Amino acid sequence: CHTKKIKVIFDAVLNHTGRSFFAFEDILQNRENSRYKDWYNVNFYGNNSYNDHLSYENWGGFDLLVKLNNKNPEVRKYLTETVKYWADEFDIDGIRIDAADVLDFALMEDLRNNLPKPDFFLLGEVIHGEYSNWVNPQRLDSLTNYHLYKALYSGLNEHNFFEIAHTINRQANISKLYNFIDNHDVERITTRLNNKQDYKLVSTLLFTLPGIPSIYYGSELG
């Protein structure tokens, strides 16, 4: 990719691990005596759907996904070193941080203060909230712009262009948001649009409004 002047960003899940992750396996084996017991928020007097005789904070209600304790400096150090490994070993150019809306801000600040290369790009996945809390010089470079995504398809469907204009004006002081009209978590834009001919208009808006336009693979066929 680099020989073709294409930069590469990897998806990074820093909020939770699977149950087979070494730290959680150690907890299952050694319980209160595990050196990793503070890597998660574990209750050794509870239980879970796997009947481990302990409970823990998960992500999205799924016991398969065990939420890390991002307030733990040791966890944050491990995650920042993991990001650095991928940059050093494979020369990636940035990460797209999964579920950034539920991550501790201290982790993002650690990532910012330990960039593996000066132009390393930090993109967060956030749906709701005040985007400036994440996009600022101390934390992330950009966020998935769900505010504009919703405004674009609903504004066109309802002929409510005020919603689109209001969203753009509200984001005027936040640079470089990651704009999209569909992605792997939502329906294709042609499914969302009541009038399929509006695909041309919504694509024009994607490429001309402030921010970083992105194309979900397959949508270019439209």
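**Entry 1: terms and overall view**

I count helices and strands as DSSP runs numbered from the N terminus, a helix having at least four residues and a strand at least two. The model I am reading is predicted. I began with the whole protein chain. It holds 7 helices and 11 strands. I then looked up its extent. The C-alpha trace spans about 60 × 40 × 30 Å along its principal axes. Of the 222 residues, 45% count as buried. I also checked how far along the sequence the contacts reach. Taking contacts between residues at least 6 apart in sequence, I find that 61% join residues at least 24 apart.

**Entry 2: the segment before β1**

I looked at K5 next. K5 sits in the segment before β1. Its phi is near 60°, a positive value, and K5 is not a glycine. Is K5 buried or exposed? K5 has a relative accessible area of 80%, and the cut-off for exposed is over 50%, so I noted K5 as exposed.

I6 belongs to the segment before β1 as well, and β1 covers residues 9-12. I6 has 42% relative accessibility and therefore counts as partly exposed. I paired I6 with G129 to get a distance. The two are 123 residues apart along the chain, and their C-alpha atoms are separated by 31 Å.

**Entry 3: A99, another positive phi**

I turned to the loop between β7 and α3, where A99 is found. A99 is not a glycine, yet its phi is positive, at about 50°. Buried or exposed? I looked up A99 for this. The relative accessibility of A99 is 3%, so A99 counts as buried.

**Entry 4: the largest nonpolar core**

I asked which residues touch the most other members of the largest nonpolar core. They are L14, Y40 and I95, in a core of 53 residues. I listed the elements that each supply at least two residues to this core: α1 (22-30), α2 (73-90), β7 (94-97), α3 (105-113), α4 and α7 (198-208). Which of the elements gives the most? The answer is α4, with 7 residues.

I then followed L14 outward. I left aside its neighbours within four places in sequence. L14 is in contact with L68, N70, L79, I95, I97, L103, L107 and L111. One of these contacts, I95, is itself named with L14 among the residues touching the most other core members.

**Entry 5: α4 against α5**

Two packed helices are described by the angle between their axes and the distance between the axes. I looked up both values here. Helix α4 spans residues 146-158 and helix α5 spans residues 161-170. Their axes come within 7 Å and cross at roughly 160°. Angles over 145 degrees count as roughly antiparallel, so α4 is roughly antiparallel to α5. The crossing of the two is left-handed.

Which residues make the contact? On the α4 side I find H147, L148, K150, A151, L152, S154, G155 and L156. On the α5 side I find F161, E163, I164, T167, I168 and R170. I sorted this contact by class. It has 7 nonpolar, 4 polar and 3 charged residues.

**Entry 6: α2 against α3**

I took the α2 and α3 pair next. Their axes are 10 Å apart and the packing angle is about 40°. The two helices are therefore oblique to each other. Is their crossing left-handed or right-handed? The crossing of α2 and α3 is right-handed. From α2, the residues R76, L79, T80 and V83 meet A106, L107, D110 and L111 of α3. By class I read 5 nonpolar, 1 polar and 2 charged residues. L79, L107 and L111 came up before, among the contacts of L14.

I also checked Y85, which lies in helix α2. Y85 has a relative accessible area of 42% and so is partly exposed. Y85 and L140 are 55 residues apart in sequence. Their C-alpha atoms are 19 Å apart in space.

**Entry 7: K37**

I closed with the loop between α1 and β3 (42-43), which holds K37. K37 counts as partly exposed because its relative accessibility is 31%. What does K37 touch, beyond residues up to four places away in sequence? K37 touches I27, R31, E32, V42 and F44. I also looked up its separation from A23. The two are 14 residues apart in sequence and 8.1 Å apart in space, C-alpha to C-alpha.

How values were computed
Residues are numbered from 1 along each chain as its sequence is written. This is a predicted model: local features need pLDDT of at least 70, side-chain atom pairs count only at pLDDT 80 or more; totals for chains, interfaces and linings use all residues. Side-chain values use heavy atoms; hydrogens and water are left out. Axes are lines fitted to C-alpha atoms, for helices over the stretch in contact, and angles run from 0 to 180 degrees between N-to-C directions. Angles under 35 degrees count as roughly parallel, over 145 as roughly antiparallel, 65 to 115 as roughly perpendicular and the rest as oblique. A crossing is left-handed if the near helix is turned anticlockwise from the far one by less than a right angle, and right-handed if clockwise. Contact means heavy atoms within 4.5 Å. Ala, Val, Leu, Ile, Met, Phe, Trp, Tyr, Cys and Pro count as nonpolar, Asp, Glu, Lys and Arg as charged, and the others, Gly among them, as polar. A nonpolar core is a set of buried Ala, Val, Leu, Ile, Met, Phe, Trp, Tyr and Cys residues joined through side-chain atoms within 4.5 Å. Buried means under 20% relative accessible area, exposed over 50%, partly exposed in between (1.4 Å probe, protein chains only).
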